[in-house]
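Good morning, everyone, and thank you for making time for this. Please have the sequence and the picture open while I talk, and I will go slowly.

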Amino acid sequence: MKKFVPYEKLSKKEQKRLNLLKRAGWGNINPVTRTVPDKKKYKRKEKYHSDYTEQ
């Protein structure tokens, strides 16, 4: 069984290794699709799309 060593007392190399393990990745989430749409941008599709579907 390994002895517990506080994070501050670990070597820089070991701290770096632990940090890399914590920052594994995004998993199944694509970060590009997680953007918030700009509210100030002109949205032609949304504006006129509802008008044509009602007719």
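Before I name any residue, let me give you one definition: a residue counts as buried when its relative accessible area is under 20%, as exposed when that area is over 50%, and as partly exposed in between. Please also keep in mind that what you see is a predicted model.

Let us begin with the whole chain, which has 2 helices and 0 strands. Of its 55 residues, 4% count as buried, and its accessible surface comes to about 6500 Å², with 56% of that belonging to carbon and sulfur atoms.

Now I would like to turn to a charged pair. How many salt bridges does the structure hold? There is 1 salt bridge in the structure, and glutamate 14 forms it with arginine 17, where the closest N and O atoms are 2.5 Å apart. Both glutamate 14 and arginine 17 lie in helix H1, and they are 3 residues apart, which is about one turn of the helix.

Are these two partners buried, exposed, or in between? Glutamate 14 has a relative accessibility of 27%, and because this value falls between the two cut-offs, glutamate 14 counts as partly exposed. Arginine 17 has 41%, so by the same reasoning arginine 17 counts as partly exposed too.

Next to glutamate 14 in the sequence comes glutamine 15, which also lies in helix H1, the helix that covers residues 12-22. The relative accessible area of glutamine 15 is 13%, and because that is under 20%, glutamine 15 counts as buried. Which residues does glutamine 15 touch, if we leave out those up to four places away in sequence? The answer is Tyr7, Glu8 and Leu10.

Tyrosine 7 brings me to my last point, since the charged end of lysine 22 sits over the ring of tyrosine 7, at 5.8 Å from the centre of that ring. As for pairs of aromatic rings, the count comes to 0.

Technical notes
Residues numbered from 1 in each chain as written. Predicted model: local features only at pLDDT ≥ 70, side-chain atom pairs only at ≥ 80, totals over all residues. Heavy atoms only, no water. Helix = DSSP H or I, 4+ residues; strand = E, 2+ residues; numbered from the N terminus. Buried < 20%, exposed > 50% of the residue type's maximum accessible area, 1.4 Å probe, protein only. Areas by Shrake-Rupley, 256 points an atom, 1.4 Å probe, with all protein chains shown as cover. Contact = heavy atoms within 4.5 Å. Salt bridge = Lys/Arg side-chain N within 4 Å of Asp/Glu carboxyl O. Phe/Tyr/Trp six-rings, centres within 6.5 Å; stacked < 30°, edge-to-face > 60°. Lys NZ or Arg CZ within 6 Å of the ring centre and 35° of its normal.
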